[in-house]
Amino acid sequence: MKVLITREIPRAGIDLLRKHAELELDYRKGAPLSDSELKKAIKDADAVISVIPDQITREVLQSAKNLKIVSNYAVGYDNIDVKAATEMKIYVSNTPGDLTESVAEHAMALMLTVGRKIVAADRFVREGKYKYWDPMIFLGPVFSGKTLGLVGFGRIGQWFAKLAKGAFNMRILYTDISKNESAEKEFGAIYVSMDELLEQSDIVSLHVPLLPSTKHLITRREIKKMKPAAILINTSRGPIIDEDDLCVALRENWISGAGIDVYEQEPKIYAGLKELKNIVLTPHIGSATHEARIEMARMAAANVIEVLINKKPPISLVK
Ligand code: NAD
């Protein structure tokens, strides 16, 4: 049985697959496959371990003759046509859980980096501009006691709440499609409407999946409601923010800054954003810790083994 692995992933996952002699690995380690390369490579595959840039469309799935599982090396699965896969009786799985702490830590790192102007300050020093101590440069907010507004209060949102509460005793507001009373008790979090969250938070951080209902959840209307000193963080998915509107808002200082890990047209970055000084941009590295990536590789491989070897549904089935 052939397993296509579209990109290089940590060895732990490959080692798990290699324990099964029945599995023949087609392990690609280069640049992302183009649409036509993907269709060709997937043709006789029984399983594919895909990554975020792989667009597993209905057409790609139709070109696969033996495919039984698309094991996505990510929590989000908006790169896969899950409806088409389900109709074709192909399982889809993801790697939830193992990267929760890493993504929440990255959201916090962005919050601190934007607020304390770390990137601009680093550049200032490197450019030889640090001539004398100046009481008035690079001023930012103290985070202790401030309000963190979490849009989406699932695994990553809750972990960020835990970090912010523990480290900075922040007040936690959240909005979600469902209320979570046990998490409210644990973090002293308060459930509010989206508008209340935008109006009251000093930091707004996005942790919802990309769905038709969350596309452009944040437009100029929502940014206008935020405090002028507020910071917007997005480690979720790019299309949740209207980048055109974000660009206008930052250029005109409607809010103080933004920390962005994900983009509407990844890996393209909206041209205007790169010109702005009040934004910190990272290349979708929310889960980029050694620990998270090793566990993601193990989980992606385990999902394939569960289907091809154990003839069961994957451990983390996406429906
Ligand atoms: P999760 O499923 O545990 O939490 C998502 C939360 O969003 C849930 O509580 C859900 O009820 C809520 N939600 C769904 N639709 C909503 C809506 N319309 N309005 C308000 N709330 C809504 O997921 P998670 O593990 O916390 O991950 C969240 C997202 O983070 C993923 O979907 C993925 O896109 C993104 N992510 C990014 C990276 C990265 O590297 N930057 C890594 C992992 C995950």
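In this predicted model, 7 strands form an open sheet. Their order is 8-7-6-9-10-11-12. The pairing is parallel. Two strands stand at the edges: strand 8, residues 190-191, and strand 12, residues 279-281. Each has a single partner strand, so one side of each is left without a neighbour in the sheet.

Within this sheet, strand 6 covers residues 147-151 and strand 7 covers residues 171-175. The two run parallel and are joined by 5 bridges. One residue pair can be picked out here: G149 has L173 in strand 7 as its bridge partner.

Helices also meet this sheet. Helix 11, made of residues 243-251, packs on the sheet and touches strand 10, strand 11 and strand 12. The direction of helix 11 makes about 140° with that of strand 11. Helix 5 spans residues 100-115. This helix lies across strand 9 (203-206), strand 10 (231-234), strand 11 (257-260) and strand 12. Relative to strand 10, helix 5 runs at about 150°.

Another open sheet is built from 5 strands. These follow the order 2-1-3-4-5, and the pairing is again parallel. Strand 2 (24-27) and strand 5 (91-93) stand at the edges of this sheet. Each of them pairs with a single partner strand, so one side of each has no neighbour in the sheet. From one strand to the next, the twist averages 15°.

Strand 1 holds residues 2-5, and strand 3 holds residues 47-50. They pair in the parallel sense over 3 bridges. In strand 3, I49 is the bridge partner of I5. Helix 1, residues 11-18, packs on the sheet and touches strand 1, strand 2 and strand 3. Its direction makes about 155° with that of strand 2. Helix 2, residues 35-42, lies across strand 1, strand 2 and strand 3. The angle between helix 2 and strand 1 is about 160°.

The ligand has 23 residues around it. Of these, R155, I156, D176, T235 and D261 come nearest. By class, the shell contains 9 nonpolar, 10 polar and 4 charged residues. Backbone atoms of the protein also approach oxygen atoms of the ligand. For R155, a backbone N or O atom lies 2.9 Å from a ligand oxygen atom. For G154, a polar backbone atom is 3.4 Å from an oxygen atom of the ligand. For S287, a polar backbone atom is likewise 3.4 Å from a ligand oxygen atom. Taken alone, the ligand exposes 860 Å². The protein buries 85% of that area.

Two details of the backbone complete the description. E266 and P267 are joined by a cis peptide bond, with omega of about 0°. P267 sits in the loop between strand 11 and helix 12, residues 271-274. K89 is not a glycine, yet its phi is positive, at about 60°. K89 is placed in the loop that lies between helix 4, residues 82-87, and strand 5.

Note on methods: Residues numbered from 1 in each chain as written. Predicted model: local features only at pLDDT ≥ 70, side-chain atom pairs only at ≥ 80, totals over all residues. Heavy atoms only, no water. Pairing = 2+ DSSP bridges. Helix = DSSP H or I, 4+ residues; strand = E, 2+ residues; numbered from the N terminus. Axes fitted to C-alpha atoms, helices over the stretch in contact; angles between N-to-C directions. Contact = heavy atoms within 4.5 Å. Near = heavy atom within 4 Å. Polar contact = N/O pair within 3.5 Å; in protein donor to acceptor, adjacent residues only side chain to side chain. Areas by Shrake-Rupley, 256 points an atom, 1.4 Å probe, with all protein chains shown as cover. Nonpolar A, V, L, I, M, F, W, Y, C, P; charged D, E, K, R; others polar.
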